[in-house]
Amino acid sequence: MKNKEIKVLLAAPRGFCAGVDRAIEIVKKSIDKYGSPVYVRHEIVHNKHVVENLKKIGAIFVEELSEIKDKTRPVIFSAHGVPKNVPLEAKNLNMEFVDATCPLVSKVHREAENLNKNGCHIILIGHKNHPEVIGTMGQIPNGGIDLIENVEDVKKYENKNDKNLAFVTQTTLSVDDTKEIIYALKKKFPNIKEPKKEDICYATTNRQAAVKKIAKECEMFFVLGSRNSSNSVRLVEVARKSGCANALLIHSESIIPFEKIAACKTIGVSSGASAPEILVKNFINDLKNKYSLKIQEVEIVKEDVNFKIPGKLN
Ligand code: SF4
């Protein structure tokens, strides 16, 4: 098969975003500062490769603070953000904590909080049970925020309050699906207040636009990323909706469909915001072992975003 040539369109930007970079750096710097172990509440970012590497240098991952045996050790909150009761619980337990919530998620938290203070009832557009959604809903007192996942939910939704409605969104949603949900919301509730600047983050928007640009030229599309990564799963959906029906997520347990790839002239590759570039490199190398590849990177925009790490780690 080595003489079979396959064109690989590499979407760019892809992979790590500034929030993920920062969160991983926070774990590393915390281990430097406090020694190991350092606890991390929830996967710091949704990627198995990242989590396993951090475990090797002294991070212990838990889902709740109650699982932490030695409360004298510090705990880091993941990039997805946490409900307000979590830092409160850490304070009550006298635990040292470092918040690795992405600043763009924190922006949505503050937005929701202000809307609530100003008397609005909030609708959050997002995916049920995703930690970011749990974190954003947990900024608002009970009953002050409702979750909507799709246009069907909008149809069923009734404003049972006398309050004005406002909406915010998860940062990692499909740009196109969210537009449809927002359109339906505005049609049903013409006075609904919207965020000044949209909540879907630059990294999500850029990665989806890059996939969209090349998907129709590809017979198969591969997105490197974990199954619980909202960002990565959305990229697969975007590739399918943008003209490449045969789009797949390649996660840690995936079997690469070499036979199907052999039948393609052109394939597309991208990776979610929590997937390190090494996963793309390994995937390409696996293909190189079998076929002769003609790789072309298609970059739609250059990203230049950096977030500072918390001062106490400097
Ligand atoms: S995907 Fe967006 S919101 Fe999430 S960590 Fe990255 S930059 Fe922040």
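This passage describes the salt bridges of the structure and the surroundings of its ligand. The model is predicted, so local features require pLDDT of at least 70 and side-chain atom pairs count only at pLDDT 80 or more, whereas totals for chains, interfaces and linings use all residues. Residues are numbered from 1 along each chain as its sequence is written, and side-chain values use heavy atoms, with hydrogens and water left out.

Side chains of opposite charge can pair when their charged atoms come close. In total, 18 salt bridges are present, a salt bridge being a side-chain nitrogen of Lys or Arg within 4 Å of a carboxyl oxygen of Asp or Glu. One of them joins Arg14 to Glu277, with 2.8 Å between the closest N and O atoms. This pair links distant parts of the chain, 263 residues apart: Arg14 is in the loop between strand S1 (5-12) and helix H1 (18-34), and Glu277 belongs to helix H11 (residues 277-288). Helices (H or I, at least four residues) and strands (E, at least two) are DSSP runs, numbered from the N terminus. Arg14 is buried at a relative accessible area of 15%, while Glu277 is partly exposed at 30%; buried means under 20% relative accessible area, exposed over 50%, and partly exposed in between (1.4 Å probe, protein chains only). Arg14 and Glu277 also take part, with Glu297, in a network of salt bridges.

A salt bridge also connects Lys84 and Glu113, at an N to O distance of 2.0 Å. Lys84 is located in the loop between strand S4 (75-77) and helix H3 (85-92) and Glu113 in helix H4 (residues 103-117), so the contact ties together parts 29 residues apart in sequence. Lys84 is partly exposed, its relative accessible area being 37%, and Glu113 is buried at 13%. The salt bridge between Lys156 and Asp153 has an N to O distance of 3.8 Å. Both residues lie in helix H6 (residues 151-156), three residues apart, about one turn of the helix. Lys156 is exposed, with 60% relative accessibility.

The shell around the ligand consists of Cys17, Gly19, Val20, Cys102, Leu104, Val105, Thr171, Thr172, Cys201, Tyr202 and Asn231, each with a heavy atom within 4 Å of the ligand. H1 and H4 are the elements that contribute two or more residues to this shell. By class, the shell has seven nonpolar residues, four polar and no charged. Ala, Val, Leu, Ile, Met, Phe, Trp, Tyr, Cys and Pro count as nonpolar, Asp, Glu, Lys and Arg as charged, and the others, Gly among them, as polar.
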